[in-house]
Amino acid sequence: MNGFSLGELCWLFCCPPCPSRIAAKLAFLPPEPTYTVLAPEQRGEQPLAQAPAPPPQPQPQPQPQQQQPSEEAAAVAAAAPGACSLHLSERADWQYSQRELDAVEVFFSRTARDNRLGCMFVRCAPSSRYTLLFSHGNAVDLGQMCSFYIGLGSRINCNIFSYDYSGYGVSSGKPSEKNLYADIDAAWQALRTRVFYQQWNYWVKGCMIIFITFTAYCQIPLQKDSTSLQIPPAMNECTCFSTIPPQYGVSPENIILYGQSIGTVPTVDLASRYECAAVILHSPLMSGLRVAFPDTRKTYCFDAFPSIDKISKVTSPVLVIHGTEDEVIDFSHGLAMYERCPRAVEPLWVEGAGHNDIELYAQYLERLKQFISHELPNS
């Protein structure tokens with residue numbers, strides 16, 4: 001607390017003096033958006049969200065070998081008809097080519113708290129069994145994380161589904177603890193229960209063609225020299241479901257929940273309520289009050305993000321990753337979370353690593369590969 005001025009302390013604790021608002025001010029630092037999204041009917045018009053001022057520095061990004069940075073960093077992903085299109089600004093620091101950008105799907109979902117949720121699906125390994133539901137850290141958005149997701153997913157052989165918290169990127173609303181939980185619930189449902197929008201289009205087209213064919217057969221006798229019935233041109237461009245977002249239908253046993261920093265809060269909350277393939281906690285925190293006041297020994301009613309009280313309810317295998325020199329969330333948080341896990345696997349304590357550089361250490365990817373490829377079922 002020594003880094004705050006008197007005015008900042010007054011703003012923090014007195015405007016208003018509400019624990020949830022105080023926690024939000026301490027925990028959430030949404031950057032200016034680094035990407036925009038266009039719905040199908042809005043292509044060529046103004047994007048749904050703008051990407052103006054420079055954001056904070058994005059997190060380190062593993063890069064596959066022999067990849068060259070793209071000269072089309074702000075290009076539009078070549079989306080299928082009916083899909084949303086992704087625009088990345090230069091500040092998103094895109095590291096790959098248009099081919100990789102084409103594999104990134106973006107769409108909107110809606111949370112139980114009626115916020116629009118920006119979602120992203122990165123197809124890094126189409127034949128892989130597992131998909132990571134990734135809850136990113138603070139002060140970044142999907143635009144900044146996109147390159148990291150491609151590098152990570154391609155190396156650990158997983159697809160990655162992610163989302164922006166309310167108030168981040170193109171997601172509406174304001175960041176709050178309640179919104180965090182509603183956000184990951186909406187992302188979980190979008191990943192679990194749906195199929196591709198193209199399949200909806202094909203299904204609708206097929207039903208309409210059958211209906212028209214049957215009606216024509218009953219009412220209009222075919223001539224001996226008649227050719228096959230002509231389907232109206234509009235049928236070939238049926239878009240009645242074109243605005244339905246991409247939908248995936250991934251079963252819980254194939255979903256790995258991955259939370260980083262503040263992202264471990266919604267990850268632990270969801271994992272305490274649903275069983276999944278596994279959980280990865282990257283630099284987790286016990287609770288908000290314990291971060292601000294390290295001597296706190298119990299959870300008070302006004303404490304925010306009480307993950308330490310939820311982790312014992314997680315029944316899936318849990319891998320905890322933490323840097324021993326973390327200057328933001330002390331290493332003791334990761335250790336305490338590991339000790340409370342009923343099904344904790346061998347953790348990764350990265351000697352000398354801080355809060356934002358664990359990804360730069362070789363053992364980070366090595367441990368993830370070992371966990372996913374050898375310690376989880378892959379048949």
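Among contacts in the chain between residues at least 6 apart in sequence, what share join residues at least 24 apart? In this predicted model, the answer comes to 71%. The chain runs to 379 residues, and 52% of them count as buried. As for what faces outward, about 18,000 Å² of the chain is exposed, with carbon and sulfur atoms supplying 54% of that area. Ten helices and ten strands make up the secondary structure.

Two of those helices are worth a look together. Helix 5, covering residues 177-193, packs against helix 7, covering residues 264-271, at an angle of about 60 degrees. Their axes sit 9 Å apart, and the crossing of helix 5 past helix 7 is right-handed. On the helix 5 side, the residues that do the touching are Leu-180, Tyr-181, Ile-184, Asp-185 and Trp-188. Helix 7 meets them with Val-265, Pro-266, Thr-267, Asp-269 and Leu-270. Sorted by character, the residues of this contact come out as seven nonpolar, one polar and two charged.

Next come the aromatic rings, which form 17 pairs in the structure. One of these pairs is Trp-94 with Tyr-96, whose ring centres are 5.8 Å apart. The angle between their planes is 75 degrees, and the pair is edge-to-face. Are these two residues buried or exposed? Trp-94 has a relative accessibility of 4%, so it counts as buried. Tyr-96 comes in at 1%, so Tyr-96 counts as buried too.

Tyr-338 and Trp-349 make another such pair, again with 5.8 Å between the ring centres. Here the planes stand at 90 degrees, which is why the pair is edge-to-face: the cut-off for that label is an angle over 60 degrees. Tyr-338 belongs to helix 9 (residues 331-340) while Trp-349 belongs to strand 10 (residues 348-350), so the pair ties together parts that are eleven residues apart in sequence. And how much of each residue is open to the outside? Tyr-338 is partly exposed, at a relative accessible area of 28%, and Trp-349 is also partly exposed, at 26%. Both values fall in the range between the cut-offs of 20% and 50%.

Aromatic rings also gather in a bigger group than a pair: Phe-107, Phe-121, Phe-161 and Tyr-248 form one aromatic cluster.

Technical notes. Residues are numbered from 1 along each chain as its sequence is written. This is a predicted model: local features need pLDDT of at least 70, side-chain atom pairs count only at pLDDT 80 or more; totals for chains, interfaces and linings use all residues. Side-chain values use heavy atoms; hydrogens and water are left out. Axes are lines fitted to C-alpha atoms, for helices over the stretch in contact, and angles run from 0 to 180 degrees between N-to-C directions. Helices (H or I, at least four residues) and strands (E, at least two) are DSSP runs, numbered from the N terminus. A crossing is left-handed if the near helix is turned anticlockwise from the far one by less than a right angle, and right-handed if clockwise. Contact means heavy atoms within 4.5 Å. Ala, Val, Leu, Ile, Met, Phe, Trp, Tyr, Cys and Pro count as nonpolar, Asp, Glu, Lys and Arg as charged, and the others, Gly among them, as polar. Rings of Phe, Tyr and Trp (its six-membered ring) pair if their centres lie within 6.5 Å; planes under 30 degrees apart count as stacked, over 60 as edge-to-face and the rest as tilted. Buried means under 20% relative accessible area, exposed over 50%, partly exposed in between (1.4 Å probe, protein chains only). Accessible areas come from the Shrake-Rupley method with a 1.4 Å probe; for residues, only the protein chains shown count as cover.
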